[in-house]
Amino acid sequence: MKSRLKLLGLVAAPALLAAAVPAAYAANAVQPHSTRAAVTGDVLKGLNKDATRTGKVAAGKRISVAISLTPRNDKALDTFVAKVSDPRSSSYGHYLTKGQFAARFGRTDAEVKQLKDYLRAQGLTVGKVHSGNLLVDASGTAAQLEKAFGTKLSTWKDASSGRSFYANEAAPTLPSAVASLVSDVAGLNNRTQLHHQSASRVAPRNGPGGGYTPAQLKGGYNVSGTYTGSGQKIALLEFDGFQQSNITKYDTNYSLGSPTPTVSKVDGGSGALGDGQVEVELDIEVLHAIAPKANVTVFEGPNSDAGEVDTYQAIVDSGIPTTSISWGASESARTTSNINAVDAVFKAGAAQGLGFYAASGDDGSDDAGDGTTTVDYPASDPYVTGVGGTKLTVTSANAFSKEVAWSGGGGGKSSVFKIPSWQTAVQKSAGGGFRQVPDVSAHANPSPGVSIYSQGSWGTVGGTSAAAPEWAAFAALYNQQAAAAGEANLGFANPALYTASGTGFHDITSGSNGDYSAATGWDFTTGWGSYNAATLASKLLG
């Protein structure tokens, strides 16, 4: 996975069954193949075609995994989310609490115990069982994981990048009764990791170091000074850290008076500061620029499949209503089961009134970089608002002047998800009946970019990494207004945004991202367009 940044300047199981699990799964018991079932889709595609096997993972190497369970009554969950997110439904805004979600859609304690007993019998250490009973952490040696999941872990070398990684050679298997509960075992490979694109700088313009200032961003998107995000919370999903001194410098320069961000480390955090630091500081500073009084929590997790799903789950567990995501990877770079596991977390968040805004990518219509039309995940997830890129121009008075599609903005059709019901009104033949990306867009063009302070100096940053927090900031401003009016939070925004049918948006009709061109109404380059904060909030509040 990579960040989207350019730096330029059931019913409970019978008690008898649960009690019998430890004996049935005794560490030395032989599990006949006929009693096991595979976790389908949980193996890298084309592994032997674009990578070379170099050996076997050392038996004693310790590896952490995150095991996802399928929601109970999954179809009923789909129906619930559709109603609670639809402004035309009487259920709109009547979100579930964590306890209510677990009771209706989480696996039972007996089912979770069944999984835990099996894992422990194989010598694995069982870690946290996350709220909702749909995600269980575990760890063990490579040898223990191979036995527990009936697969072999080998080392490989990527043919194109030369990077070494490990991966399971076949889909993991589990005893049938356990496998029927499991949708993904994240952590059996570490091929896809998060990294950001190359950095360069341009001559300064506008704000210090170049790029738009908070006043220019707020003016361009008609953000009223009345609303500052006060009393609201925003989460950031990150796989690197930041230095508070840089944030303080930015806030002080623009007299923002923003609360100090809170850090929540997941699975030990993201480790030492790396080159993704710019990404994290961009996200925080853009949120402060538009919603300066919102409370920001930075969730820092490990750069791994297991770390990713655990970090998303930690955000859902926190109940923070709005999340900005600047990290992602092409759908084709992920396993199907990994996508399904992350999707399940987003769906759980939607049921609980949480909204996620994800950068759509900086590689135009070819997110995978292989000459095809591909889109970025998680922006393509049906329970996420995918945010594309534009080039915003403002007047000398910091008012909106014009906007065009940014050539690097990701967009196109998903190869995984069918088109959701709320998007069928704008279904395009080029979409082929699949989910269409992006949903919305905002300023991302690296020239002029956004003025930020990072790693001890001012610079200009662009990319859809800037656009995603621009939209998350709007959601916080909206939630502040909704709270004052006694209305529900925006939550999963797409059904409401599509119901608005373009009202409250700057419709962008020029520019392209490669295979797709901007057009009147929704399009594959900018979705509905960028927001006019005052008009869109008024429309959504009804």
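Just after helix α5, Gly123 takes a positive phi of about 90°. The helix before this glycine spans residues 109-121. The model is predicted. This briefing starts at α5, moves through two sheets, and ends with the whole protein.

**Helix α5**

- Helix α5 has 13 residues.
- From its first C-alpha to its last, α5 reaches 18 Å, close to the 18 Å expected at 1.5 Å a residue.
- Many positions in α5 are listed as buried, among them Ala110, Val112, Leu115, Leu119 and Ala121.
- The buried residues of α5 also include Glu111, Gln114, Asp117 and Tyr118.
- Gly123, with its positive phi, follows just after the helix.

**The four-strand sheet**

- Four strands form an open sheet, and their order is β6-β7-β5-β11.
- The pairing in this sheet is antiparallel.
- Strands β6 (125-129) and β11 (182-186) lie at the edges, and each pairs on one side only.
- On average, neighbouring strands of this sheet are turned by 25° against each other, direction ignored.
- Inside the sheet, β5 (residues 62-69) meets β7 (residues 135-141) over seven bridges.
- These two strands pair in the antiparallel sense.
- To pick out one pair, look at Ile67, which stands opposite Val136 in β7.
- Helix α6 (residues 142-149) packs on the sheet.
- This helix touches β5, β7 and β11.
- The direction of α6 makes about 125° with that of β7.

**The three-strand sheet**

- Another open sheet has three strands in the order β4-β8-β9, again with antiparallel pairing.
- Its edge strands are β4 (51-56) and β9 (164-168).
- Each edge strand has a single partner strand, so one side of each is left without a neighbour in the sheet.
- Neighbouring strands here are turned by 40° against each other on average, direction ignored.
- Strand β8 (residues 153-158) pairs with β4 in the antiparallel sense over five bridges.
- Five bridges also join β8 to β9, and these strands run antiparallel.
- Ser154 is a useful landmark in β8: Ser154 is the bridge partner of Lys56, and Ser154 also stands opposite Ala167 in β9.
- Strands β8 and β9 form a hairpin with five residues between them.
- In the turn of that hairpin, Gly162 has a positive phi of about 80°.

**The whole protein**

- The protein has 15 helices and 28 strands.
- Its radius of gyration is 23 Å, close to the 24 Å that the globule rule gives for 542 residues, so the protein is as compact as a globular protein of that length.
- Along the principal axes, the C-alpha atoms fill a box of roughly 75 × 55 × 45 Å.
- Buried residues make up 61% of the 542 residues.
- The accessible surface comes to about 18900 Å².
- Carbon and sulfur atoms account for 52% of that accessible surface.

Technical notes:
Residues are numbered from 1 along each chain as its sequence is written. This is a predicted model: local features need pLDDT of at least 70, side-chain atom pairs count only at pLDDT 80 or more; totals for chains, interfaces and linings use all residues. Side-chain values use heavy atoms; hydrogens and water are left out. Two strands pair if DSSP finds at least two bridges between them. Axes are lines fitted to C-alpha atoms, for helices over the stretch in contact, and angles run from 0 to 180 degrees between N-to-C directions. Contact means heavy atoms within 4.5 Å. The radius of gyration is taken over C-alpha atoms; the globule rule is 2.2 Å times the number of residues to the power 0.38. Buried means under 20% relative accessible area, exposed over 50%, partly exposed in between (1.4 Å probe, protein chains only). Accessible areas come from the Shrake-Rupley method with a 1.4 Å probe; for residues, only the protein chains shown count as cover. The expected span of a helix is 1.5 Å times one less than its number of residues.
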